[in-house]
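Here's a quick walk through the helices, the core, the cysteines and the main pocket. Have the model open while you read.

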Amino acid sequence: MKTKREKLIRLFCSTLYISAFTFGGGFVIITFMKKKFVDGLHWIDEEEMLDLAALAQASPGAIAVNAAILVGWKTAGFAGMLTAVLGTILPPMVILTVISFFYAAFAANTYVAYTLKGMQAGVAAVILDVVCGLGKNVIKQRKIVHLLIMTGAFAAAFCFGVNVIYIVIAAALAGIVLEVYDRRRGGSHDLS
């Protein structure tokens, strides 16, 4: 087992790398965090990563920073949380500082505009990958209630344009109700 210092260095380098080479926001970073900390390092299991991603999205603030806080805390406590956040916020701060000095040149450059359009398509593909991965995990559980919540959340957002905040709150309340029901029954809330 690595020392705590080595683990913190690995955590910092991992979050720094992920943040520096990921474009498209928090959902994209969560995908790469999953690949690194669940699939690669095995510091977190897949179920926990799903929970951390849900908490990161439901909490106020940037999803990437929220996810870094949760992953850092889970893997190395308070020091891990600070390390992961520092690794996550440094690249955007440096990049935005540089861009702010040269904003006029960047804004008028046609190639930069084309590059950003191309990156949007790539980001859409990565976000679709996240959705498919998370959805696949819900489907694998084969719990009708979870499938209904997932389907209802999709329909509310896509078909009816319901604000994501209301969807997250409703899903959280459904989770609380299921947990209370489960504890009262003394079993699992496998309502399939």
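## Helix 2 and its surroundings

Helix 2 has 15 residues, which at 1.5 Å a residue should span 21 Å, and its end C-alpha atoms sit 19 Å apart, in agreement with that. The expected span is 1.5 Å times one less than the number of residues, and helices here are DSSP runs (H or I, at least four residues) numbered from the N terminus. Before going on: this is a predicted model, where local features need pLDDT of at least 70 and side-chain atom pairs count only at pLDDT 80 or more, while totals for chains, interfaces and linings use all residues. Residues are numbered from 1 along each chain as its sequence is written, and side-chain values use heavy atoms, with hydrogens and water left out.

Here are the two helices whose lengths were checked:

| Helix | Residues in helix | End-to-end C-alpha distance | Expected span |
|---|---|---|---|
| Helix 2 | 15 residues | 19 Å | 21 Å |
| Helix 7 | 16 residues | 21 Å | 22 Å |

Both have a positive phi on the way out: H42, just after helix 2, is at about 60 degrees, and G161, following helix 7, is near 65 degrees.

Back in helix 2, the buried residues (under 20% relative accessible area, 1.4 Å probe, protein chains only) are G26, V28, I29, I30, T31, M33, F37 and V38. They pack against helix 1, helix 3, helix 4 and helix 6.

## The core

A nonpolar core is a set of buried Ala, Val, Leu, Ile, Met, Phe, Trp, Tyr and Cys residues joined through side-chain atoms within 4.5 Å. The largest one has 20 residues, and I30, M33, F37, I44, M49 and V71 have the most contacts inside it. Helices 1, 2, 3 and 4 each supply at least two of its residues, with the largest share, seven residues, coming from helix 4. What does I44 touch, leaving aside neighbours within four places in sequence? Its contacts (heavy atoms within 4.5 Å) are F37, V38, M49, L52, V71, K74 and T75.

## Cysteines

Disulfides (cysteine sulfur pairs within 2.5 Å) number zero in the whole structure. For C159, the nearest cysteine sulfur is that of C132, 17 Å away. C159 counts as exposed (over 50%) at 52% relative accessibility.

## The main pocket

The largest pocket holds about 1700 Å³ of space. Of its 37 lining residues, A54, Q57, V138, I149 and A171 are the closest to the centre. Helix 8 gives the most to the lining, with 10 residues.

Methods
1 Å grid on protein atoms, 1.4 Å probe; cavity = no way out; pocket = protein on both sides within 12 Å on 5 of 7 lines; lining within 4 Å. Points joined across faces, edges and corners; volume = space filled by probe spheres on them.
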